[in-house]
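Visitor: Could you take me in close on one spot where two helices meet? I'm new to this, so please explain the terms as you go.

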Amino acid sequence: MHELSVCQALLRQVNDIAMDSGAGAVEHITIEAGPLSGVEPDLLVRAFEVLRASRRATAQASLSIESPAVIIRCTHCRKESPTAPNRLVCPLCGDFRTRVMTGDELRLRRVALRIP
Amino acid sequence: MCQTCGCSLNADVAREGVEEQRGRSMVIDVLQDLLAANDRVALHNREHFDEHGVLAINLMSSPGAGKTALLEATIAALGERYRIAVIEGDLETDNDARRIRALGVPALQITTGTACHLDAQLVHRALHDLPLSGLDLLFIENVGNLVCPASFDLGQHRNVTLLSVTEGDDKPAKYPVMFRACDLVVLSKTDLLGVLDDFDPERAAAALRALGRDTPMIQTAARRVPALAPLAELAGAADDRTAIRGACCANADGRDSWGLTHVPGRAGTRRCSAGQPMDRDRGRRDSHSGINRTDR
């Protein structure tokens, strides 16, 4: 359940942004957590529901999680392919030297704030 | 610090644009890694290690795979050649630290309570009680868990993941985040292979390779002395620890590899297959959200 730790870090970041912006409250938070991020979105949502009240700015906030599909780029044939998180070899030429282009993100994407 | 997630666009938060909406609402586009705070502390830890010339290795596995036994065997084999210390992470008890101390090696126990992983801050606090001067090798034995530890950079130079043969050879397929993060896989308890008909090291290697990795895999049985040779090779990296610390062999896919397995002792002068020079900045990899995200 490291989603609790991740959620605490998220709330700290969002709170800082709200303070810097002079906002009274956070309305909505959007994050990206790809299948290779190591974070389970459902667990993160549950952690968020418990922890959001720990800070006044986020007490009424909602959270949505975007999960970009895993897309790899083969360094041999240079083609991009969608694939499963545990099948990261190139499905076209079979080369294992691939780069994950999307699918391992774990980042804060967007915050909607209410200005007092 | 990070070239991929966008946090380097601005020292704090990269705000692409502030858009007034619905009169009194404001939407801010942010591109910031959720674990940026952890990564900053991890970077700080790494600077401590580098400053003292210490090679830091993060040891991860499921509970009971044999991390402490591997450390005991490593200390027995190499404790006279290298000055070793261990940070132990467990939810409760200092049993593992006591096992290490019994071998005359300093060990510091972190009890995490309910936390299922070590993070950079926990390790940083431990470093205040563990003098790094005079050390060659620091092993950080993470909490036994194949999921959570993979997401937290501790400041280590290398990740080693143990996979015991009693766990099943499909573990790399089941836990891709963990096995993508490691620099070396150690198959442990291989002396049991003779009585297990459902673990095939070749299948484990294939599952590992399916993750787009050429991560080396070595086989050990820590309780058998003859099986210690690969461990000697592992810790032999300390001979070349300065090079290893910076040793990122920038392969064609940008993946770094253990110098010790491919070209032992020559990591500092080695050039990778793609003809690119060693990346001396390996320690400051773009750990966008955890460990070893060098594949972009």
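**Two helices in contact**

Guide: Helices α1(A) and α2(A) pack at an angle of about 55°, and their axes are 9 Å apart. (Axes are lines fitted to C-alpha atoms, for helices over the stretch in contact, and angles run from 0 to 180 degrees between N-to-C directions.) Keep in mind that this is a predicted model, where local features need pLDDT of at least 70 and side-chain atom pairs count only at pLDDT 80 or more, while totals for chains, interfaces and linings use all residues. Residues are numbered from 1 along each chain as its sequence is written, with chains lettered from A and ligands numbered from 1 in the order in which they are written.

Back to our pair: that angle is why α1(A) and α2(A) are oblique to each other (under 35 degrees is roughly parallel, over 145 roughly antiparallel, 65 to 115 roughly perpendicular, the rest oblique). Their crossing is right-handed, that is, the near helix is turned clockwise from the far one by less than a right angle; anticlockwise would be left-handed.

So who touches whom? On the α1(A) side you'll find A:Glu3, A:Leu4, A:Val6, A:Cys7, A:Gln8 and A:Leu11, and they meet A:Leu43, A:Leu44, A:Ala47, A:Phe48 and A:Leu51 of α2(A). (Contact means C-beta atoms, placed from the backbone, within 7 Å.) Sort the residues of this contact by class and you get 9 nonpolar, 1 polar and 1 charged. (Ala, Val, Leu, Ile, Met, Phe, Trp, Tyr, Cys and Pro count as nonpolar, Asp, Glu, Lys and Arg as charged, the others, Gly among them, as polar.)

Now zoom in on α2(A), residues 41–51, where A:Leu44, A:Ala47 and A:Phe48 are buried. Look down the axis of α2(A): its buried residues fall within an arc of 105°, so they line one face. (The arc is that of the directions from the helix axis to the C-beta atoms.) Those buried residues pack against α1 (3–21), β1 (25–33) and β2 (62–66) of chain A. (Helices, H or I of at least four residues, and strands, E of at least two, are DSSP runs numbered from the N terminus.) Turned away from the buried side is a face with the exposed residues A:Asp42, A:Glu49 and A:Val50. (Buried means 20 or more other C-beta atoms within 10 Å of a residue's own, exposed 12 or fewer, partly exposed in between, with C-beta atoms placed from the backbone.)

Definitions and conventions. Contact = placed C-beta atoms within 7 Å.
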